[in-house]
Amino acid sequence: MGQGVLRRYAEYLPLTPRTPMITLGEGETPLVKSRHLVKEVGCDELYLKLEGCNPTGSFKDRGMVVAVAKALEAGSTSIICASTGNTSASAAAYAAYCGLVAIVLVPKGEVAKGKLAQAMACGARVLTVNGNFDEALKIVRDLTQRHPIYLVNSVNPYRVEGQKTAAFEVVDDLGDAPDYLCIPVGNAGNITAYWKGFVEYHRAGKAKSLPRMMGFQAAGAAPIVLGAPVAKPQTVASAIRIGNPASWEGALRARDESTGLIAAVSDEEILEAYRLLARTEGVFCEPASAASVAGLLKLARTGWTFQGKRVVCVITGTGLKDPDLATQQARGEFQEVAADLRAVEDVLLSLNIGVRAG
């Protein structure tokens with residue numbers, strides 16, 4: 001049984017004797033060594049941090065457990081968030097576990113069904129907003145200023161505190177920070193949190209070095225890259241379809257202090273990485289998660305040299321979050337066959353897969 005984020009990293013978190021030590025088993029996610037993509041990148045070691053192995057299938061659980069624990073400590077009975085999907089699923093699960101009411105605002109028609117299903121299954125009050133995520137976030141921020149409802153979006157500093165524990169785990173598993181940390185950037189709380197975690201571990205003597213932070217936005221939702229908010233962000237990667245990141249300044253600080261970068265990748269590049277991860281590494285992730293790998297591949301293909309380097313790509317959520325996209329991408333690969341041995345043999349023979357003629 002895992003300790004959970006609050007117990008494992010209590011000394012690095014803003015806890016008090018009154019903070020309830022709740023857990024759904026978040027954290028301690030695998031760091032999987034690449035066997036195939038590493039060759040194309042040309043680095044010595046490439047690892048995939050599988051945050052989809054958290055309880056609700058995304059990295060959001062790390063920050064949510066801290067935020068909800070502090071909501072309980074403050075005596076709150078309800079929590080609220082705006083979400084592109086993963087935050088709503090996480091908030092709903094932890095609220096259910098702790099006996100709180102969860103209210104979530106999501107942009108109408110812009111959230112993957114798998115994420116909405118999670119929030120609804122856990123009993124959240126789901127409100128669909130006729131607008132984008134940025135508009136929904138403004139509403140919940142204003143609402144919590146007027147009413148005693150606890151805000152659990154990443155503008156809540158406790159969310160970043162919990163999410164930084166993923167950086168601790170990377171160092172704990174590797175023995176030091178990697179040379180490069182590649183990560184998707186949407187609302188920018190995660191890149192902010194990872195950098196905070198690496199810096200804190202370095203100051204504590206747990207890490208000898210610091211990584212270069214390499215953040216990647218979808219080209220149709222790349223306000224940090226463009227240097228201005230995007231009014232109508234568009235991308236297949238719905239989890240990072242955000243036009244005005246709440247943690248913009250934190251992302252810039254992570255980039256600049258680490259001498260890293262924040263760049264854009266196209267939907268085509270994201271989907272290519274999405275397919276490659278599944279078909280060459282066995283890692284099924286949601287599209288936004290593939291942005292980290294898409295960005296790394298793009299750099300390698302355009303002249304960046306990673307020889308002798310150790311790289312970690314953060315895979316932020318499981319592909320089960322967006323099953324519709326997976327079936328669309330696999331269209332044409334389903335083949336109906338009669339319930340007959342010979343019929344199956346004939347199909348496999350035509351595909352030259354493991355069957356001998358005759």
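**Close-up 1. G99, just after helix α4, has a positive phi.** In this predicted model, the phi of G99 is about 75°. Let's step back from this glycine into the helix that comes just before it.

**Close-up 2. Helix α4 covers residues 86-98 and has 13 residues.** From its first C-alpha to its last, α4 reaches 18 Å, close to the 18 Å expected at 1.5 Å a residue. How much of this helix is covered? Mostly covered is the answer: 11 of the 13 residues are buried. Among them are N86, T87 and S88 at the start of the list, then a series of alanines including A89, A91, A92, A93 and A95. Y94 and C98 are buried too.

**Close-up 3. Helices and strands both help to cover α4.** Which elements should you look for around its buried residues? Among the helices, you will find α3 (60-73), α5 (113-121) and α7 (157-163). The strands that take part include β3 (78-82) and β4 (101-107).

**Close-up 4. Strand β7 (residues 180-184) is largely enclosed by the rest of the structure.** Why can we say so? Five of its five residues are buried, so the strand is largely enclosed. In a regular strand the side chains alternate between the two faces of the sheet. Here Y180, C182 and P184 lie on one side, while L181 and I183 lie on the other, and both faces are covered.

**Close-up 5. Strand β7 pairs with β8 and with β10.** Five bridges join β7 to β8 (residues 212-218), and these two strands run parallel. Within β8, F216 is the bridge partner of P184, and M214 is the bridge partner of C182. Turning to β10 (residues 310-315), three bridges join this strand to β7, again in parallel. There, C182 stands opposite C313, so to speak of C182 is to speak of a residue with a partner in β8 as well as one in β10.

**Close-up 6. A helix links β7 and β8 in a right-handed unit.** Follow the chain through β7, helix α9 (residues 189-203) and β8 to trace this β-α-β arrangement.

**Close-up 7. Six strands form an open sheet with mixed pairing.** Reading across the sheet, the order is β1-β2-β10-β7-β8-β9. Which strands sit at the edges? They are β1 (31-33) and β9 (261-265), each of which pairs on one side only. From one strand to the next, the twist averages 25°.

Notes
Residues numbered from 1 in each chain as written. Predicted model: local features only at pLDDT ≥ 70, side-chain atom pairs only at ≥ 80, totals over all residues. Heavy atoms only, no water. Buried < 20%, exposed > 50% of the residue type's maximum accessible area, 1.4 Å probe, protein only. Helix = DSSP H or I, 4+ residues; strand = E, 2+ residues; numbered from the N terminus. Pairing = 2+ DSSP bridges. Right-handed = clockwise from strand over helix to strand, strands pointing away. Axes fitted to C-alpha atoms, helices over the stretch in contact; angles between N-to-C directions. Expected span 1.5 Å × (residues − 1). Contact = heavy atoms within 4.5 Å.
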